[in-house]
Amino acid sequence: MFPSDPLQAPLWTVLASLTHARRMLEVGCGHGYTAAVMASAGGPDCHVDTIEGDPHHAELAEQAFLQRGLSRRIRVLRGRGQSVLPKLKGRYDVVFLDGDWREYPSYIPHLRRLTRPGSIIVTANLNPLFGGWGSSLPGRQAIRSYLTRLVRDPQFRTYVVPGEWHSISVRV
Ligand SMILES: C[S@@+](CC[C@H](N)C(=O)[O-])C[C@H]1O[C@@H](n2cnc3c(N)ncnc32)[C@H](O)[C@@H]1O
């Protein structure tokens, strides 16, 4: 389980300010590092929903949120993204995808449904398509399909960050 690089922490402050975030969503909670950073970045009125498929990781994250006084603002939703996303309602200002990239294509209808114009989506784990740490991992076709559909979708504008191999999309 690899949490995001701490050097990325200011990204969430920028995105929270840009979107006036009140609701944020993460797929792939891990032990809760980025969800905690997102909640802090959004301030006391911001709530984070974070989806985690591994029950042990979900448990550790919930304990960490409790210890840091964040459990009122961060909800851990147990299950895989493709099972949990269809059950979510309302709009999120910021979405972070950081789980199994092979599911990403199935997320696209939910990304449309769960965002509003101006919402930002950050997608991690694009490395298997571009090289670097994930170049030998499976799932390149899923990433290609996801990015192609996102880039062509008139409801999004997307930038793939070279070297980091994250994408940043804005809902228009
Ligand atoms: C890279 S770690 C997440 C790190 C976390 N986002 C952070 O920056 O602190 C990936 C996590 O996603 C979970 N995961 C992988 N695929 C998933 C899926 N399809 N749905 C939900 N969780 C998933 C893994 O169990 C793991 O805990």
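The following dialogue explains how to read several features of the structure shown above.

Visitor: What kind of model is this, and how are residues numbered?

Guide: This is a predicted model, in which local features need pLDDT of at least 70 and side-chain atom pairs count only at pLDDT 80 or more, while totals for chains, interfaces and linings use all residues. Residues are numbered from 1 along each chain as its sequence is written.

Visitor: In what order do the strands of the sheet run?

Guide: Helices (H or I, at least four residues) and strands (E, at least two) are DSSP runs, numbered from the N terminus. Two strands pair if DSSP finds at least two bridges between them. Here seven strands form an open sheet, ordered E3-E2-E1-E4-E5-E7-E6, with mixed pairing. Strand E3 (74–78) and strand E6 (156–161) are the edge strands, each pairing on one side only. From one strand to the next, the twist averages 15° (axes are lines fitted to C-alpha atoms, for helices over the stretch in contact, and angles run from 0 to 180 degrees between N-to-C directions).

Visitor: Which sense of pairing joins E1 to E2, parallel or antiparallel?

Guide: E1 and E2 pair in the parallel sense over five bridges. Within E2, Ile-51 is the bridge partner of Val-27, and Thr-50 is that of Glu-26. In a regular strand the side chains alternate between the two faces of the sheet. By contrast, E5 and strand E7 (residues 166–171) pair in the antiparallel sense over four bridges; Ser-167 in E7 is the bridge partner of Thr-123.

Visitor: How many residues of E1 are buried?

Guide: A residue is buried if 20 or more other C-beta atoms lie within 10 Å of its own, exposed if 12 or fewer, and partly exposed in between, with C-beta atoms placed from the backbone. Four of the five residues of E1 are buried, so E1 is largely enclosed by the rest of the structure. E2 is also mostly covered, with five of its six residues buried.

Visitor: Against which elements do the buried residues of H2 pack?

Guide: Contact is judged between residues whose C-beta atoms, placed from the backbone, lie within 7 Å. Eight of the ten residues of H2 are buried, including Thr-34, Val-37 and Met-38. The buried residues of H2 pack against H1, E1, E2, helix H3 (55–67), E3 and E4. After H2 comes Gly-43, whose phi is positive, near 85°.

Visitor: Which residues of helix H5 are buried?

Guide: In helix H5 (residues 104–113), the buried residues are Tyr-104, Tyr-107 and Leu-111. Seen down the axis of H5, these fall within an arc of 50° (that of the directions from the helix axis to the C-beta atoms), so they line one face of the helix. The face of H5 turned away from its buried side carries the exposed residues Pro-109 and Arg-112.

Visitor: Which residues come nearest to the ligand?

Guide: A residue is near a molecule or strand if its C-beta atom, placed from the backbone, lies within 6 Å of it. Of the 21 residues around the ligand, Gly-28, Gly-30, Tyr-33, Gly-99 and Asp-100 come nearest. The elements giving two or more residues to this shell are E1, H2 and E2.

Definitions and conventions:
Two residues are in contact if their C-beta atoms, placed from the backbone, lie within 7 Å.
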